[in-house]
Amino acid sequence: MAENLWGLTAQQMRKLVQNGEVSRVELVQAHLDRLEKVNSSINAVVEPRAEQVLAEAKAADQNHANRSGLALDGIPLSIKDHFDVQGMKHTEGLPALADVCSPADEVVIQRLKAAGAMIIGKTNQPDLQIRWNTISHLYGATRNPRNLENTAGGSSGGDAAAVAAGLAPIGLGLDYGGSIRVPATFCEIYGLRPSAGRTPAVPSMPPFDSPPTVDMMASIGPLARCVEDLWSAYQVIAGAHPGDPATLPIPVSRSAPGTGRPRVARMVDQTGAKVSPEIVARLDAVARILQDAGYDVVDAAIPNARRAPEVWAELIGTELVEAGMPVFGDKLGESNRQHIEALFGIYSLGKDSRRLIQAFEERRKIVREAALWMEEYPLVLCPVAGMPTPSLAFDHLLDKDQTLHLFDQMRNIPWVNLMGIPSVALPNGIQIVGRRFYEAQALEAAAAVERVIGAASVAAL
């Protein structure tokens with residue numbers, strides 16, 4: 001059995017551990033063996049934690065009787081480089097930070113460990129997480145375990161690849177512009193981007209604070225091979241913390257609000273997105289599944305659909321170009337730097353503070369009108385990316401026209417961030433978007449889809 005433990009879901013693993021059928025050491029060792037076998041071909045885990053995690057698993061086995069209520073007891077996890085794990089490197093993918101180590105666990109890591117999780121290692125990300133691809137100036141590129149010629153997506157591509165390859169059943173990512181949903185769908189697994197304000201970002205080392213759009217648009221969330229495992233990790237990490245003033249003390253419930261199935265808006269290209277026929281076919285297949293499950297699926301689009309992704313790019317781009325790049329631009333690798341300059345340089349509003357304030361005002365209008373609209377359409381079904389998983393070099397050194405084309409393919413992604421709302425990425429390139437703090441409703445719909453398409457398999461490597 002130990003040879004195949006890495007192919008199970010986290011909750012299947014937990015049941016075996018709780019029943020004493022498999023020890024935590026056996027479970028962790030099975031994943032470390034899998035890592036040793038396949039990681040060299042995908043470059044997902046960049047800093048293994050073998051010795052420490054085996055010691056923790058052994059101690060947990062010796063304390064078995066006192067761990068019955070832990071939601072993630074013995075479950076191996078991968079953790080994105082960005083997060084602070086005590087004693088591990090925190091490089092953000094930059095050679096300039098290659099020797100920086102975290103002095104302590106940040107809050108979400110504390111919560112995962114307290115729930116019994118076993119961290120097997122840190123995973124790759126692009127420089128400073130700013131890319132829909134995972135190419136690190138320090139660690140190199142992460143490849144997709146489904147097809148080694150393809151991208152794993154970004155910026156949480158290391159975690160998505162690790163989960164898809166069976167290195168861990170659950171990974172931890174962060175979504176500021178699609179960085180959970182893009183790699184999840186490219187690697188054909190599930191991913192949850194919670195609402196902004198739902199999961200706390202409380203690092204243990206500076207910088208402790210971020211530009212205003214981070215509070216509004218970013219969220220920490222899990223990647224997994226099934227919806228139930230998303231639920232398990234999400235419930236552990238969610239909840240307000242005083243170290244993150246953007247988090248709100250709103251209870252997390254597994255019960256979707258209201259009765260019956262909510263109306264679902266099927267949205268394709270109203271954001272201006274360029275969507276391939278293959279992705280439209282996948283969207284229609286999911287729509288039929290939801291209809292068969294009792295959902296009322298209708299064609300509709302959020303208000304201001306075309307402007308929403310552009311306002312996201314204007315706000316993020318202005319912060320990056322005017323405040324960020326002068327500080328860290330020279331630390332980025334050429335490909336990552338050029339990607340930021342090309343994409344966000346197009347949308348930056350420049351140094352005129354009035355234009356930035358007007359963009360924030362427009363954001364509020366878009367969020368307000370969309371929130372009112374979502375009272376009638378509580379869920380939105382739309383693509384993640386507009387194309388199937390692309391090659392590893394799909395975003396490498398693009399000119400202006402190519403950059404605009406790429407952004408057009410991704411337009412169904414950033415409006416979700418602009419509004420700070422939750423979304424569940426499915427393994428087939430489609431996402432289910434919910435109202436703010438209504439993660440349960442989106443996850444319930446995703447579970448209805450999963451009952452038909454199944455949990456994600458482990459890639460054959």
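Helices here are DSSP runs of H or I with at least four residues, numbered from the N terminus. The model you are looking at is predicted, so open it alongside and work through these exercises.

**Exercise 1. Two packed helices**

Task: Work out how helix α8 and helix α15 are oriented to each other, and which residues make the contact.

Solution. Two packed helices are described by the angle between their axes and the distance between the axes. Start with the distance: the axes of α8 (residues 227-237) and α15 (residues 439-453) come within 9 Å. Next, take the crossing angle, which is roughly 155°. Angles over 145 degrees count as roughly antiparallel, and α8 and α15 are therefore roughly antiparallel to each other. Now find the residues. From α8 come V227, L230, W231 and Y234; α15 brings E439, A440, L443, A446, A447 and E450. Finally, sort them by class: eight are nonpolar, two are charged and none is polar.

**Exercise 2. The buried residues of α4**

Task: List the buried residues of helix α4 and say what they pack against.

Solution. Helix α4 covers residues 107-114, and its buried residues are V107, V108, I109, R111 and L112. Then look at their surroundings: these buried residues pack against the strands β2 (76-80), β3 (118-123), β8 (170-175) and β10 (219-224), and also against α8. To finish, step just past the end of α4, where G116 takes a positive phi of about 100°.

**Exercise 3. A serine in a loop**

Task: Locate S102 and decide whether S102 is buried or exposed.

Solution. First, the place: S102 sits in the loop between β2 and α4. Second, the accessibility: S102 has a relative value of 3%, so S102 counts as buried. Third, the neighbours: leaving out residues up to four places away in sequence, S102 touches D84, V85, Q86, G87, M88, H90, S204 and M205. As a last check, pick T91, eleven residues from S102 along the chain; the two C-alpha atoms are separated by 9.6 Å.

**Exercise 4. A pocket and a cavity**

Task: Describe the second largest pocket and the largest cavity by volume and lining.

Solution. Rolling a probe the size of a water molecule over the atoms shows where empty space is left. Begin with the second largest pocket, which holds about 210 Å³ of space. Among its lining residues are M216, R363, V367, M374 and F437. Helix α12 (residues 353-373) gives the largest share of this lining, three residues. By class, the pocket lining has seven nonpolar, four charged and one polar.

Turn to the cavity. The structure holds one cavity of 30 Å³ or more, and the largest cavity has about 40 Å³ of space. Its lining is made by Q338, H339, A342, L343, D395, L397, L398, T403 and L406. Two or more of these residues come from each of α11 (334-347) and α13 (400-409), and α11 has the largest share, four residues. The classes are five nonpolar, three polar and one charged.

**Exercise 5. Backbone exceptions**

Task: Find the cis peptide bonds at S155 and P207, and the positive phi values at Q129 and E188.

Solution. Most residues other than glycine have a negative phi, and most peptide bonds are trans. Take the bonds first. The one from G154 to S155 is cis, with omega near 10°, and S155 lies in the loop between β7 (147-151) and α5 (157-164). A cis bond also joins P206 and P207, with omega about 5°; P207 belongs to the loop between β9 (190-193) and α7 (212-217).

Then the phi values. Q129 has a phi near 70° and is buried, at 14% relative accessible area. E188 has a phi near 65° and is partly exposed, at 37%.

Definitions and conventions: Residues are numbered from 1 along each chain as its sequence is written. This is a predicted model: local features need pLDDT of at least 70, side-chain atom pairs count only at pLDDT 80 or more; totals for chains, interfaces and linings use all residues. Side-chain values use heavy atoms; hydrogens and water are left out. Axes are lines fitted to C-alpha atoms, for helices over the stretch in contact, and angles run from 0 to 180 degrees between N-to-C directions. Angles under 35 degrees count as roughly parallel, over 145 as roughly antiparallel, 65 to 115 as roughly perpendicular and the rest as oblique. Contact means heavy atoms within 4.5 Å. Ala, Val, Leu, Ile, Met, Phe, Trp, Tyr, Cys and Pro count as nonpolar, Asp, Glu, Lys and Arg as charged, and the others, Gly among them, as polar. Buried means under 20% relative accessible area, exposed over 50%, partly exposed in between (1.4 Å probe, protein chains only). On a 1 Å grid over the protein atoms alone, a cavity is a set of points where a 1.4 Å probe fits but cannot get out, and a pocket is an open set with protein on both sides within 12 Å along at least five of seven lines; lining residues have an atom within 4 Å of a point. Grid points are joined across faces, edges and corners, and a volume is the space filled by probe spheres set on the points.
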